[in-house]
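Good morning, and thank you for coming. I should like to take you through one protein model, step by step, with its terms explained as we go.

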Amino acid sequence: MSENYILGIESSCDDTSVAVVSSDYHVLSVKTVSQTSVHRLFGGVIPEIASRNHLAWVIPAVDAALKEAGKTKDDISAIAVTNYPGLIGSLLIGVSAAKGLSVGWKKPLIAVNHLNAHIASAFLEREKRPEFPYLALVVSGGHTSLIEISEDERTVLGETMDDAAGEAYDKIAKMADLGYPGGPIIDKMAKNGDASKYKLPYLLKNNNKYADEIVFSFSGIKSAVKRFLDEGEVDMPSLMASFQNRIVELIERKVKLALSRKKYTAFVVAGGVSANSAVRGMAENIAAKYSLELYLPELKYCQDNGAMVAAAAMDDFFEGRFSSLDFDVAPTVRPKTNPSKN
Ligand code: KG4
Ligand code: ZN
């Protein structure tokens, strides 16, 4: 069978990323233009700046990805692009570029949901895909979702009521003046701290109404950290270790709740926060305890990237499900009308 190559384009937030991925999930190239150093000046992503930079870099990133892969446009079988959820202006740049290339190169288009792309990042460079049904935890800057994936449907079992996990990391780092993005900084700092030093609240504990619900909430923990910071002198590594411990404990409890309700074959953990050392440790423990096959993306594929977009398009490609040129973008994960279908 001749190999197929998918070009994946990701521009939903602040990274412009383009990749060439083969149909056996091998990554031939990923070219990412990171805007972190720009947005760091403001302590967070400024949407208008993000979309202007995507506009400048998306086509050079396509050219560079093709070149590094040693391919030309003629070798590409389809173009995959993230169309929701994300920042509207940013999504529009990637989607417009993909549509233009599709017309110019006469290649089919596949619109990809960003959460599905994160899940598919765990399949890159792996020989096989999980059997159905499997459980996926997406923890990123914008989402904290537990999703059940069966052969023909994806069911969201639970989501966050307030901040996403990565958002909590970023907000805490901003409050404590540690830098941006907060996740990697806090993860590193927490290694030198004592996680039992600060007592942080556990909002979804056993005796409240959310005990039996798959729902996440991080704002209570965030407020408690803020109170310690406001009180003055703190042992920062220990406060960050206590914070990280609480976040991971809370996620773990809800994953276990889902696992107690149904038998799954595999556990996928993906999204920017899946790069976190404690989250990865928790995922390994759970997989061992419940005899689940574990799918964790390599560290370089945890953050937004074009390779995961191409990977998420693979099933649609082989089943011939292509998007028509007039598909839309949407900011939220559950838009009123499906932006990918017309
Ligand atoms: O998936 P992603 O690149 O973008 C979104 O789709 O949101 O995730 C970015 C998020 C940021 O909030 C960042 O702080 C967080 O991932 N992150 C981490 C770590 N590395 C990145 N959070 C915790 N620990 C890390 N090591
Ligand atoms: Zn993401």
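I shall begin with how the model is described, and then turn to its domains, its metal site and its salt bridges.

This is a predicted model, in which local features need pLDDT of at least 70 and side-chain atom pairs count only at pLDDT 80 or more, while totals for chains, interfaces and linings use all residues. Residues are numbered from 1 along each chain as its sequence is written, chains are lettered from A and ligands numbered from 1 in the order in which they are written, and side-chain values use heavy atoms, with hydrogens and water left out.

Let us take the domains. The protein chain is assigned domain 1, covering 5-122 + 303-318, and domain 2, covering 134-297; such bounds come from an automatic or database domain assignment. Their centres, taken over C-alpha atoms, are 27 Å apart.

How many residues of each domain are in contact with the other? Domain 1 contributes 16 residues and domain 2 contributes 20, where contact means heavy atoms within 4.5 Å. Together the two domains bury about 1,300 Å², with 67% of it on carbon and sulfur atoms. Buried area here is the accessible area (1.4 Å probe) that two parts lose on being put together, summed over both. On the side of domain 1, Leu115, Ile119 and Ala122 lose the most area to domain 2, together 41% of what that side buries.

Between the two domains there are 0 salt bridges; a salt bridge is a side-chain nitrogen of Lys or Arg within 4 Å of a carboxyl oxygen of Asp or Glu. Which elements give two or more residues to the side of domain 1 that touches domain 2? They are helix H1 (36-39) and helix H4 (114-121), and H4 gives the most, with 5 residues. Helices are DSSP runs of H or I, at least four residues, numbered from the N terminus.

Helix H4 also leads us to the metal. Histidine 114 and histidine 118 both lie in H4, 4 residues apart, about one turn of the helix. With Asp304 (OD), His114 (NE2) and His118 (NE2) are the protein donors of the zinc ion (ligand 2), at 2.0 to 2.1 Å from it. Donors are N, O and S atoms within 2.8 Å of the metal (3.2 Å for Na, K and Ca), and water is not among the atoms, so sites may look incomplete. Along the chain, the donors follow the spacing H-x3-H-x185-D.

Finally, the structure as a whole holds 17 salt bridges. In one of them, arginine 52 pairs with glutamate 48, the closest N and O atoms being 2.8 Å apart. Both residues lie in helix H2 (residues 47-69).
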